[in-house]
Amino acid sequence: MEVEMGKMAQQKGKSADVKKIGGTMVADHTKANNELMGIAKKKGVDLSKEKAEKHSIGDANFDKEYIDAMVKDHEKDWSAFQAEAKNGTDADVKAFASKTSTVIKKHLDMVKAAQAKMK
């Protein structure tokens with residue numbers, strides 16, 4: 001979802017911050033998704049049928065709605081990844097969650113800073 005919304009931000013974003021954040025989301029989440037797919041394949045789990053939840057954001061308030069959605073999603077994701085890194089039972093998944101949670105935290109800080117500029 002972050003990849004698709006990041007692409008939308010690069011196209012529809014009005015501010016340079018939103019366009020830059022969109023590009024960062026596309027790059028970092030594509031990398032994480034590919035790594036996760038590799039772990040899943042190694043473990044015999046097929047994630048190719050998983051569908052990302054869709055978000056629709058209107059053009060009028062795109063930047064604000066996009067940043068608000070990214071804050072909400074990254075807060076939820078950061079919490080889940082930290083819990084998995086701490087309490088997970090699979091060593092590969094725990095390591096992935098630990099490494100990826102630091103990236104998610106950087107994203108969260110970045111989108112919160114952009115959100116603060118919009119107020």
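This is a tour of one predicted model, stop by stop, with what to select at each.

Residues are numbered from 1 along each chain as its sequence is written. Because the model is predicted, local features need pLDDT of at least 70 and side-chain atom pairs count only at pLDDT 80 or more, while totals for chains, interfaces and linings use all residues, and side-chain values use heavy atoms, with hydrogens and water left out.

**Helix α1**

Select residues 2–12, which form helix α1; helices here are DSSP runs of H or I with at least four residues, numbered from the N terminus. Within α1, the buried residues are E2, V3, M5, G6, M8 and A9. Buried means under 20% relative accessible area, exposed over 50% and partly exposed in between, with a 1.4 Å probe and protein chains only. Show α2 and α3 as well, since both are included in what covers the buried residues of α1.

Now pick E2. Beyond its neighbours within four places in sequence, E2 is in contact with M25, H29, M70, D73, H74 and D77, contact meaning heavy atoms within 4.5 Å. E2 is buried but has no salt bridge. A salt bridge requires a side-chain nitrogen of Lys or Arg within 4 Å of a carboxyl oxygen of Asp or Glu. The nearest side chain of opposite charge to E2 is K76, at 7.6 Å; Lys and Arg count as positive, Asp and Glu as negative, and His and the chain ends are not counted.

**Salt bridges**

By this rule the model has nine salt bridges. Stay in α1 and select K7 with E4: they form a salt bridge whose closest N and O atoms are 3.7 Å apart. K7 and E4 are three residues apart in the helix, about one helical turn. An α-helix has 3.6 residues a turn, so residues three or four places apart point the same way. Both ends are partly exposed: K7 has a relative accessible area of 37% and E4 one of 47%.

Next select K43 and D92, whose side chains meet in a salt bridge at 2.9 Å, N to O. This pair links distant parts of the chain, with K43 in the loop between α2 and α3 (62–87) and D92 in helix α4, 49 residues apart. K43 is partly exposed at 36% relative accessibility, and D92 is partly exposed at 28%. Add K42 and D90 to the selection: K42, K43, D90 and D92 are linked in a network of salt bridges.

Then move to E75 and K112, a salt bridge with its closest N and O atoms 3.4 Å apart. E75 lies in helix α3 and K112 in helix α4, 37 residues apart, so this pair too links distant parts of the chain. E75 is partly exposed at 38%, as is K112 at 37%.

**The second largest pocket**

Select D28, K31, A32, E35, F96, K99, T100 and V103, which line the second largest pocket. A pocket is an open set of points on a 1 Å grid over the protein atoms alone, where a 1.4 Å probe fits, with protein on both sides within 12 Å along at least five of seven lines; lining residues have an atom within 4 Å of a point. α2 (16–42) and α4 (91–118) each supply at least two residues of this lining. The space inside is about 160 Å³, a volume being the space filled by probe spheres set on the points.

**M118**

End at M118 in helix α4. M118 is partly exposed, with a relative accessible area of 34%. Leaving out residues up to four places away in sequence, M118 touches V18, D63, K64 and I67. The C-alpha atoms of M118 and I67 are 9.3 Å apart, with their positions 51 residues apart along the chain.
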